[in-house]
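Opening the notebook on a two-part look-up: one helix, then one loop residue. Structure goes in first.

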Amino acid sequence: MNVLEFGVGELFQRPDPHGFRDYVHKHKSQAMTAKLMTEQEAVSRFVADGDYLGTELYGTVRGPMSLAREVIRQGRKHLRLAGQGIHEIDLLLAADMVDTLDITYVAWEVYGISKILRRAVESGRVKTTEWSNAAITWRFKAASMGIPFIPCQSMMGTDTFKRSAAKVVEDPFTGMKTCLLPALALDVGLIHVHRADKFGNCQIDGISGFGFEMARASKKLIISAEEIVDTSEIRRNPDRTIIPYYLVDAVVHAPFGSHPGEMCYCYWRDEEHLKTFLEESADVTKTREYLDKYVYGVKNHDEYLKLIGQDRLNMLKSKIGGH
Amino acid sequence: MADFTIREQIICTAAHLMADGTTAFVGTGIPMLAGMLAQRTHAPNLVVIFEFGGTGAQLTKLPHGVGDSRTFYRAVAASGICDVMEAAQRGFVEYGFLGAAQIDMYGNLNTTVIGNYWPPKVRLPGSGGANDIGSNCWKVISIMGQHTSKVFVKKLDFLTTPGYLSGPGAREAAGLAPNSGPYRVVSNLGIMGYDEKSKRMVLVETYEGVKVEDVVNSTEFELLVAPDVKTAMTPTERELRLLRDDIDPDKLYR
């Protein structure tokens, strides 16, 4: 196959399907074993300095916020990130834990652009490589399929392509141009789900974003769940299982785990908290104060929830779906 | 004549472009409001698609993002990114609605950086799903809230999302799907289309009280002008009532 064009973006995580296969064979238990643990244990065991990390979410919805806060508390350094995110990426960037970012979209949707991303990238502290949203998800899909790359018909002809690490080739079957995306296997994936059993069989209600693909593209996968259920409940509706046990390394019970974001069918987004954060994030000192209060200032997610307060959590529960 | 804001005019104009019984990829903000208005007026069977997997929602409340639970409220399917992006890639999705910080005469869009690539003067969000929508939807409609020469530019600082790239034939030469691409631009001054031959942006309608030269002078590149520039429909009383009382009662977009 002739490479016709190539992006000049740095490939922050090289595809290695054989290495991934060997990893899966060696480290992913084929037996169902209990993996329930605290977020401290999960992060200290499975997240290392320099790891390539991914979080799965849709905007402020279903973000693995309690896990992201724990990663920050434990002070991991030189992380590389796959960037389709908002609040968790803002916090990781603000805590100065990130060296590189495969970015597709980091911003606050209706509320505007990320001041923290601006500071991190405009100062030259964080290096970026560009991808489209589908491209980064298809990169996960390629890794999940155990193949080195996947072709797509996006990104071609643009600077997004030029600043990516993709390549355009002539397809040997049709002769048409196609864009090859390198498989992206994460060192660690963080995903928040509605319910999981102690083995890591996970169910997500509503849309599933890129959870299916990212879970299968993660060497180490930490799950936080609103609810820990008995396996019999999983077995009652196995069609709801997006992430089966064999993909998962740790299961953490985290009610309100995506606060201040939304969890569909469970609770609504904490509008006031997010608006305050957004205003404060314009200022370095105030951003630091936010981290001090809500991340470093609490020992764990339980303490975080106490700080937020039961009344507030009840209020968010009463506004499920914003209806 | 009813009193309305320019934003309400833009929302109504965008809504009119959404045909009943078609599919539209809808992004955060004005496209969502337009989709909601279209569903309540002329296009009850408009199938709105959101990039995190919501297909065919009945938009009763304004979503705040393309993945919140309102994007699949009473939808026909709640799947994921791959499902909806692949639907567009195989040719299913008719319209795509996008916004940007900059647009050029071929409808190419920038949502990545202002200034050099790295380190940039201003780091913007990035492509998100825009590049995929611009690559794979049949007709792309750009919503541009500020029609100025800093936004409608000769040269983008960064070409995030493909329009007609460098002109006729360029999309196909780059490998993108034939017969797809930019269709309309809705700005705060009027409506633009694209010249069939040259693929260049052409002014087709202005809003009431806006002169053709106002639009031309607010555009850095040479804007083509249709021989018969029309005056765009103004929002009706009913549309305004729906927008104010029902669709955006919190006045997020007034």
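Before anything else, a note on how I name elements: helices (H or I, at least four residues) and strands (E, at least two) are DSSP runs, numbered from the N terminus. Also for the record, this is a predicted model.

Entry on the helix. I looked just past the end of α4(A) and found D96(A) with a positive phi of about 60 degrees. Then I went back to the helix, which spans residues 87-94 of chain A. Is it covered or open? Mostly covered: eight of its eight residues are buried. That includes charged-type letters in the list, E88(A) and D90(A), alongside I89(A), L91(A), L92(A) and L93(A). I checked what these buried residues pack against in chain A and got the strands β2 (52-55), β3 (79-85) and β4 (98-106), plus the helices α3 (65-73), α5 (115-122) and α11 (284-296).

Entry on the core. I pulled up the largest nonpolar core, which has 170 residues. L92(A) and F25(B) are among those with the most contacts inside it. Leaving aside neighbours within four places in sequence, F25(B) touches residues including I49(B), V93(B), Y95(B), F97(B) and I133(B).

Entry on V26(B). I found it in the loop between β1 (23-25) and α2 (30-40) of chain B. Why does V26(B) count as buried? Because it has 32 C-beta neighbours inside 10 Å, and 20 or more is the cut-off. Beyond four places in sequence, V26(B) is in contact with P31(B), M32(B), G35(B), V48(B), I49(B), F50(B) and F97(B). Last look-up: V26(B) to L242(B) is 19 Å, C-alpha to C-alpha, with their positions 216 residues apart in sequence.

Technical notes: Residues are numbered from 1 along each chain as its sequence is written. Chains are lettered from A and ligands numbered from 1 in the order in which they are written. This is a predicted model: local features need pLDDT of at least 70, side-chain atom pairs count only at pLDDT 80 or more; totals for chains, interfaces and linings use all residues. A residue is buried if 20 or more other C-beta atoms lie within 10 Å of its own, exposed if 12 or fewer, and partly exposed in between; C-beta atoms are placed from the backbone. Two residues are in contact if their C-beta atoms, placed from the backbone, lie within 7 Å. A nonpolar core is a set of buried Ala, Val, Leu, Ile, Met, Phe, Trp, Tyr and Cys residues joined through C-beta atoms within 7 Å.
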